[in-house]
Amino acid sequence: MSGFVLIVRPQPGLATTLSAAKDMGLNAIGYPLFDIVPCDWECPDPAQFDALLIGSANAIRRGGEALEQLKDKPVYAVGETTAQLARDAGFTVAATGTGGLQSLLDGMDPPKRLLRISGADHVALSAPAGVNIHNVIAYKTTPLELPEPLRPLHDLGLTVMLHSAAAAEQFARESRRLALQRNRISLVVIGPRVAAAVGEGWHAVHVSSAPNDRAMLEMVKNVCI
């Protein structure tokens with residue numbers, strides 16, 4: 001294949017995606033655009049909630065000791081990676097989404113009292129009738145800079161994978177700081193919200209057919225060859 005694939009998600013997701021990309025024969029390199037930092041949070045009375053709403057594996061990875069008080073609550077997870085991490089941590093998974101948290105919410109049978117454990121930057125949700133959501137912040141993202149050697153990759157072809165709107169916004173900022181030529185960079189993004197966040201001027205913006213790593217990598221392989 002021709003060209004390079006840049007993966008910018010935080011660790012440990014970066015290592016997972018980088019390994020999968022190389023297994024598919026992609027010329028992949030990785031630089032995290034964020035560091036995930038846990039926040040101190042106090043667990044509300046668990047008796048007030050029927051279940052947990054988890055929109056990122058980072059909520060499990062960075063949730064800390066407060067999660068121990070909630071192990072008897074079933075988890076509604078945004079996707080299979082998050083669901084499996086919740087199982088590994090000792091939770092029971094009630095349902096796993098395939099198209100984001102909102103679609104998962106829309107399919108719930110009320111009444112439900114949900115504790116949403118999220119990051120400081122999170123997607124706004126609309127709770128259906130009979131579903132109540134209380135949100136706590138378990139982690140935040142600290143932006144990181146990309147290295148200067150990215151510039152020469154323009155001429156060799158560069159495709160960037162973006163797994164979140166926050167990553168899209170930070171990559172757009174870094175492209176300006178490094179004076180990268182956007183019209184030489186293609187993007188593969190995990191969903192429409194990410195495509196909207198990245199701005200204009202790119203060579204191409206490809207939206208993944210499904211919001212997961214495998215679908216994104218398959219699209220990268222198709223557009224890079």
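**Figure 1. The exposed and buried faces of helix α1 in the predicted model.** On the face of α1 that is turned away from its buried side, the exposed residues are Thr16 and Asp23. The helix itself spans residues 13–23, and the residues buried within it are Gly13, Leu14, Thr17, Leu18 and Ala21. When α1 is viewed down its axis, these buried residues fall within an arc of 125 degrees, so they line one face of the helix. An α-helix has 3.6 residues a turn, so residues three or four places apart point the same way. After α1 comes Gly25, a residue with a positive phi, near 85 degrees.

**Figure 2. The surroundings of strand β7 between its two parallel partners, β4 and β8.** Strand β7 covers residues 112–119, and seven of its eight residues are buried, so the strand is largely enclosed by the rest of the structure. To β7, strand β4 (residues 51–54) is joined by four bridges, and these two strands run parallel. Strands β7 and β8 also pair in the parallel sense, in this case over eight bridges. Arg116 of β7 can be used to follow both pairings, since Leu53 stands opposite Arg116, while in β8 the bridge partner of Arg116 is Asn135.

**Figure 3. The β-α-β crossover from β5 through helix α3 to β6.** Strand β5, made of residues 75–77, and strand β6, made of residues 93–96, pair in the parallel sense over three bridges. One of the matched positions is Ala77, whose bridge partner in β6 is Thr96. Between the two strands the chain passes through helix α3 (residues 80–88), and the resulting β-α-β crossover is right-handed. Gly79 is placed in the loop between β5 and α3, and with a relative accessible area of 16% Gly79 is buried. The C-alpha atoms of Gly79 and Gly55 are separated by 7.9 Å, although these residues are 24 residues apart along the chain. Asp88 also belongs to helix α3, but, at 58% relative accessibility, Asp88 counts as exposed. From the C-alpha atom of Asp88 to that of Leu115, 27 residues apart along the chain, the separation is 20 Å.

**Figure 4. A salt-bridge network that joins Glu145, Glu174 and Arg177.** Side chains of opposite charge can pair when their charged atoms come close. Arg177 and Glu145 meet through their side chains in a salt bridge, with an N to O distance of 3.7 Å. Arg177 lies in helix α5 (residues 165–177), whereas Glu145 lies in the loop between β8 (131–143) and β9 (158–162), so the pair ties together parts that are 32 residues apart in sequence. Arg177 is partly exposed, with a relative accessible area of 36%, and Glu145 is exposed, with a relative accessible area of 57%. Arg177 also forms a salt bridge with Glu174, in which the closest N and O atoms are 2.7 Å apart. In this second pair both residues lie in helix α5, three residues apart, about one turn of the helix. Glu174, at 5% relative accessibility, counts as buried. Through the partners that they share, these salt bridges join Glu145, Glu174 and Arg177 into one network.

**Figure 5. The contacts of Lys71 with Glu68 and with the ring of Phe91.** The side chains of Lys71 and Glu68 meet in a salt bridge, for which the N to O distance is 3.2 Å. Of these two residues, Lys71 counts as partly exposed at 25% relative accessibility, and Glu68 is exposed, with a relative accessible area of 54%. The charged end of Lys71 also sits over the ring of Phe91, at 5.6 Å from the centre of that ring. For the wider setting of these side-chain contacts, the count of salt bridges comes to seven, and a search of the whole structure finds one aromatic pair.

Terms used:
Residues are numbered from 1 along each chain as its sequence is written. This is a predicted model: local features need pLDDT of at least 70, side-chain atom pairs count only at pLDDT 80 or more; totals for chains, interfaces and linings use all residues. Side-chain values use heavy atoms; hydrogens and water are left out. A salt bridge is a side-chain nitrogen of Lys or Arg within 4 Å of a carboxyl oxygen of Asp or Glu. Buried means under 20% relative accessible area, exposed over 50%, partly exposed in between (1.4 Å probe, protein chains only). Two strands pair if DSSP finds at least two bridges between them. A crossover is right-handed if, with the strands pointing away from the viewer, the path from the first strand over the helix to the second runs clockwise. Rings of Phe, Tyr and Trp (its six-membered ring) pair if their centres lie within 6.5 Å; planes under 30 degrees apart count as stacked, over 60 as edge-to-face and the rest as tilted. A charge sits over a ring if NZ of Lys or CZ of Arg is within 6 Å of the ring centre and within 35 degrees of the ring normal. The arc is that of the directions from the helix axis to the C-beta atoms.
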